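Please find below a colleague's notes, set out as numbered points to be read alongside the coordinates. They deal in turn with strand pairing, the ligand site and aromatic contacts.

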Amino acid sequence: MKTNKSGAKFSAIVKIGEDLRKESRKTGKEFLYLNRGINRVVNIDLSEIIPMIDFNSDAVQYYPHSKGMLSLRKAINTEFFTERASEENIYLTAGGMNALFLVFQTLEIKTVYTHSFYWGAYSNVLKIAGKSQNFYRSFDEILSEPEKFNNSALIICDPNNPTGIKTDDKKLYRVLDVLQKQNTIVIWDGPYRRLFYDRTDDLYRNLLAYKNVIITESFSKSIGLSGQRIGFMHSKNTEFNEEFAVRLLYSGNGINAFAQVLVEKILSSEEGKKAAKNFKEKTANAITENIKLLKEKALLPNNIYQNDLPVGIFVIVNKSYEELKAKNIGSVPLNYFTRRTDIEVENYSRICVSVPSEKFKNYFKHF
Ligand SMILES: Cc1ncc(COP(=O)(O)O)c(C=O)c1O
């Protein structure tokens with residue numbers, strides 16, 4: 001069969017997980033799977049929310065509007081933008097990955113810049129969308145040489161995957177200011193941020209001031225619902241939005257209605273807000289404790305963190321995949337997330353620190 005090959009690779013992280021599980025079955029070893037990008041401290045407790053959902057309703061059983069249910073777009077406007085956005089500019093997507101893919105397809109640009117430490121999936125999604133990937137080394141590089149990014153798009157992921165570093169918001173606004181003058185399109189892809197903030201966070205509202213910013217968001221991380229495959233895209237550009245809407249419609253014929261009703265209840269009802277708050281608090285507390293332990297054990301490489309602590313949910317440790325595996329810890333080698341040659345990539349790995357602290361401590365006691 002003649003196949004249109006994109007050149008993108010099947011997820012290497014999924015393969016690492018499969019290999020570790022196979023080894024666990026064969027040897028009986030119990031691994032701590034820190035290779036995975038999910039919050040595993042607790043699950044969000046949906047027990048008070050599920051009874052609020054009428055499974056016999058038209059809303060759950062029929063095709064939803066291809067942009068997403070108005071009630072959920074309104075709830076997102078309240079949660080993220082203190083009602084300052086227009087619901088017309090919010091589009092529900094099947095998670096952040098789907099939003100990014102449609103954004104890459106819709107933009108008429110050749111190159112998308114990512115941070116020199118980047119989520120590996122960006123490379124593959126860009127490849128399928130026929131865009132080339134280039135890199136900025138740091139936000140300082142953008143501030144000192146913004147003209148490099150003229151006529152391109154650039155992704156900002158903060159807190160960063162894989163480093164877990166949170167850049168000061170004031171600096172990020174300065175970056176946005178110079179890129180707006182440069183006419184660079186900024187794709188704001190920060191699905192980890194809202195795990196650490198609630199609706200009092202004014203960042204998304206402030207992003208509305210930038211006409212060149214496209215937001216892609218996800219409910220996979222901030223409320224732990226990666227299984228529901230739901231996120232959204234926000235843009236203020238009418239021409240872009242019209243084309244995005246067409247591609248969204250024909251890529252999936254709408255987003256799962258149950259997932260939309262569920263997220264709407266979490267964002268809007270008192271029970272939902274309480275469940276999200278508990279989930280975020282427990283998750284963020286464990287992450288902070290786990291990072292503290294890594295710092296005490298000198299496992300955070302100085303050339304990446306200097307004296308700053310990452311916030312998570314990922315961090316880079318100065319141990320290789322093999323060294324961690326020997327202690328029954330799953331990780332992902334750092335070379336999946338960077339092409340930099342000035343650091344000892346082969347001796348470093350990315351781990352997810354969003355797991356219960358007692359368990360984490362137990363596995364790391366041998367370091
Ligand atoms: C930086 C970043 N953006 C977007 C996503 C997309 O998540 P999802 O497709 O589950 O919404 C991820 C998932 O790991 C991510 O790390």
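1. In which sense do β2 and strand β8 (residues 231-234) pair, and over how many bridges? In this predicted model, the two strands run antiparallel to one another and are joined over four bridges. One position can be checked directly, since T93 has G231 as its bridge partner in β8. Strand β2 itself covers residues 90-93, with I90 and L92 pointing one way and Y91 and T93 the other way, and all of these side chains are buried.

2. Strand β5 (residues 153-156) shows a similar alternation to be inspected: A153 and I155 point one way, L154 and I156 point the other way, and all are buried. With strand β3 (residues 111-115), β5 pairs in the parallel sense over two bridges, and here Y113 stands opposite L154. With strand β6 (residues 185-189), β5 again pairs in the parallel sense, over four bridges, and I185 in β6 is the bridge partner of A153. Between β5 and β6 the chain passes through helix α7 (residues 169-181), and the resulting β-α-β crossover is right-handed.

3. Within strand β6, V186 deserves a separate remark. V186 has a relative accessible area of 0% and is therefore buried. The C-alpha atoms of V186 and V213 are 4.8 Å apart in space, although the two residues are 27 residues apart in sequence.

4. A further set of strands, β9, β12 and β11, forms an open sheet in the order β9-β12-β11, with antiparallel pairing. The edges are formed by β9 (314-317) and β11 (332-333), each of which pairs on one side only. Strand β9 is joined to strand β12 (residues 349-352) by four bridges, the two running antiparallel, and within this pairing V317 stands opposite S349 of β12. As general background to these pairings, the strands of a sheet pair through backbone hydrogen bonds, either parallel or antiparallel.

5. Which of the 14 residues around the ligand come nearest? They are G96, D189, Y192, S218 and S220. For G96, a polar backbone atom is 2.6 Å from an oxygen atom of the ligand, whereas for S218 an N or O atom in the side chain lies 2.6 Å from a ligand oxygen atom. A polar side-chain atom of N161 also approaches an oxygen atom of the ligand, at 2.9 Å. Taken alone, the ligand exposes 400 Å², and the protein buries 92% of that area.

6. The aromatic residues can be treated together, as a search of the whole structure finds 18 aromatic pairs. One of the pairs is that of F80 and Y204, whose ring centres are 5.2 Å apart and whose planes stand at 85 degrees, so the pair is edge-to-face; the cut-off for that class is over 60 degrees. Because F80 lies in helix α3 (residues 70-81) and Y204 in helix α9 (residues 203-207), this pair ties together parts that are 124 residues apart in sequence. Both F80 and Y204 are buried. Ring pairs further link F80, F81, Y204, F219 and F232 into a cluster.

Technical notes
Residues numbered from 1 in each chain as written. Predicted model: local features only at pLDDT ≥ 70, side-chain atom pairs only at ≥ 80, totals over all residues. Heavy atoms only, no water. Buried < 20%, exposed > 50% of the residue type's maximum accessible area, 1.4 Å probe, protein only. Pairing = 2+ DSSP bridges. Right-handed = clockwise from strand over helix to strand, strands pointing away. Near = heavy atom within 4 Å. Polar contact = N/O pair within 3.5 Å; in protein donor to acceptor, adjacent residues only side chain to side chain. Areas by Shrake-Rupley, 256 points an atom, 1.4 Å probe, with all protein chains shown as cover. Phe/Tyr/Trp six-rings, centres within 6.5 Å; stacked < 30°, edge-to-face > 60°.
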